[in-house]
Every structure is written in structure tokens, then in C-alpha cells.
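This report walks through one protein chain, taking its charged pairs, its strands and its nonpolar cores in turn. Please keep the sequence and the 3D view at hand while reading.

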Amino acid sequence: MLGQWVEFEFDCLPLRSVGRLDVPLDASPAYEAFVLRVKAAVTKHGMHNSYYLHRATCRFHLTNDPNSGLVEFDVEGVALTGENDLKTRGVDLTIRLSKETCPWLNETSVEFLAESVKHAVAVEFNRYIQAGDLTKTKERISAMQQQIEQGDGFQAMYL
């Protein structure tokens with residue numbers, strides 16, 4: 001862990017991959033709430049170049065001892081990328097302090113670190129893009145464009 005002062009773990013749902021936005025009849029209350037949050041994200045940001053980050057945790061290590069100086073936030077929301085999905089353009093996140101082992105932490109520090117979460121998420125999402133399957137994404141987009149040009153693809157909004 002030497003030299004890793006910020007950790008960010010997350011699950012990522014590309015909003016363009018969402019097929020349906022209705023809540024299944026047998027959905028648990030927790031899943032129903034999740035679907036409604038995703039639906040709100042789609043309404044606000046659209047489906048193209050939008051990624052829903054959930055089950056996300058951002059940890060700041062203020063000392064080299066996790067038992068002293070750890071500040072952890074639960075994070076959920078949207079990362080927006082540029083047209084070619086090469087770089088994070090912005091984030092729209094819900095951030096909640098979930099754990100801390102920092103007796104000197106005060107409200108001003110929490111506000112500062114919560115704002116810092118947004119910047120940390122943007123940096124880490126850029127790393128995720130670079131390390132991910134960008135080539136596969138480009139191939140998939142190219143194949144979709146070819147289908148559309150040949151008249152075989154479904155042409156609709158957000159495609």
C-alpha cells in the first residue's frame with residue numbers, strides 16, 4: 001500500500017447498455033431504488049458517453065496506518081466522457097461519509113475531502129478508460145456504424 005493515498009473501487013454500468021428502465025414487478029425495494037436512480041441519471045444525462053458508477057468507495061489515507069487517518073466515502077452517480085470516450089469530462093455524484101479513523105476530522109475537512117472525491121473519481125475513471133477495453137469499445141461502435149450504414153441496424157435516439 002506504500003504510496004497509494006487514494007483508493008477508488010466501483011462497479012460501472014455504461015448507460016448506453018441499459019435496455020429497459022422499468023422496474024420489474026418482483027424487484028426488491030433496494031433494486032427498485034437502484035433502477036429509479038439509474039432512470040433519473042438517464043433522464044438527466046442521456047445514455048451516450050454516460051457511465052453509472054455504483055457500489056463505489058473512495059478512501060483517503062491521511063497517514064500510513066489504516067487504523068489512524070483513513071477517511072472513506074460511499075459514492076454513486078455518473079461519470080461523463082467526451083465524444084470518443086477517451087477522457088472524463090465531468091462527474092455528477094452523491095457522496096456520503098461512511099467510515100473514518102481520523103479523530104481530528106472536522107466538518108470543514110469532510111467538506112473538503114467530499115469535494116476532493118469528485119476530482120479523485122475523474123482521475124481514476126480516466127485510468128479506468130485507459131486500462132479498459134477501449135479497443136473493443138471502438139470496434140463495437142464501428143460495427144454499429146457499419147450496420148446502420150448498410151441498413152441493418154436499428155436507428156434510434158442515443159445509439
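A salt bridge is counted here when a side-chain nitrogen of Lys or Arg lies within 4 Å of a carboxyl oxygen of Asp or Glu. The model is a predicted one, in which local features need pLDDT of at least 70 and side-chain atom pairs count only at pLDDT 80 or more, while totals for chains, interfaces and linings use all residues. Residues are numbered from 1 along each chain as its sequence is written, and side-chain values use heavy atoms, with hydrogens and water left out.

**Charged pairs**

By this rule there are nine salt bridges, and a network of them links E7, E9, R59 and E72. Three other pairs are set out below.

| Pair | Closest N to O distance |
|---|---|
| R55 and D11 | 2.6 Å |
| K44 and D92 | 2.8 Å |
| R127 and E124 | 3.5 Å |

Helices (H or I, at least four residues) and strands (E, at least two) are DSSP runs, numbered from the N terminus. Because R55 belongs to strand β2 and D11 to strand β1, their salt bridge ties together parts that are 44 residues apart in sequence. K44 lies in helix α1 (residues 29–45) and D92 in strand β4, so this pair ties together parts that are 48 residues apart in sequence. R127 and E124, by contrast in their placement, both lie in helix α2, three residues apart, which is about one turn of the helix.

How open these side chains are can be described by relative accessible area, where buried means under 20%, exposed over 50%, and partly exposed in between (1.4 Å probe, protein chains only). R55 is exposed at 64%, whereas D11 is partly exposed at 29%. In the second pair, K44 is exposed at 58% and D92 is partly exposed at 28%. R127 is exposed as well, with a relative accessible area of 53%.

**Strand β3 and its partners**

Two strands are said to pair if DSSP finds at least two bridges between them. Strand β3 runs antiparallel to β2, to which 11 bridges join it, and the two form a hairpin with two residues between them. On its other pairing, β3 meets strand β4 (residues 88–100) in the antiparallel sense, again over 11 bridges. This second hairpin has six residues between its strands, and D85 in the turn has a positive phi of about 55 degrees. A79 appears in both pairings, since it is the bridge partner of Y51 and also stands opposite V91 in β4. Strand β3 is mostly covered, with 12 of its 14 residues buried.

**Nonpolar cores**

A nonpolar core is a set of buried Ala, Val, Leu, Ile, Met, Phe, Trp, Tyr and Cys residues joined through side-chain atoms within 4.5 Å. Which members of the largest core touch the most other members? They are F8, F73 and V75, in a core of 22 residues. At least two residues of this core come from each of β1 (6–14), β2 (50–65), β3 (68–81) and α2 (107–131), and α2 gives the most, with eight residues.

For contact, meaning heavy atoms within 4.5 Å, F8 offers an example. Leaving aside its neighbours within four places in sequence, F8 is in contact with L53, A56, T57, C58, V75, V121 and E124. There is also a second, separate core of 10 residues, which includes V18, M47, Y52 and V78.
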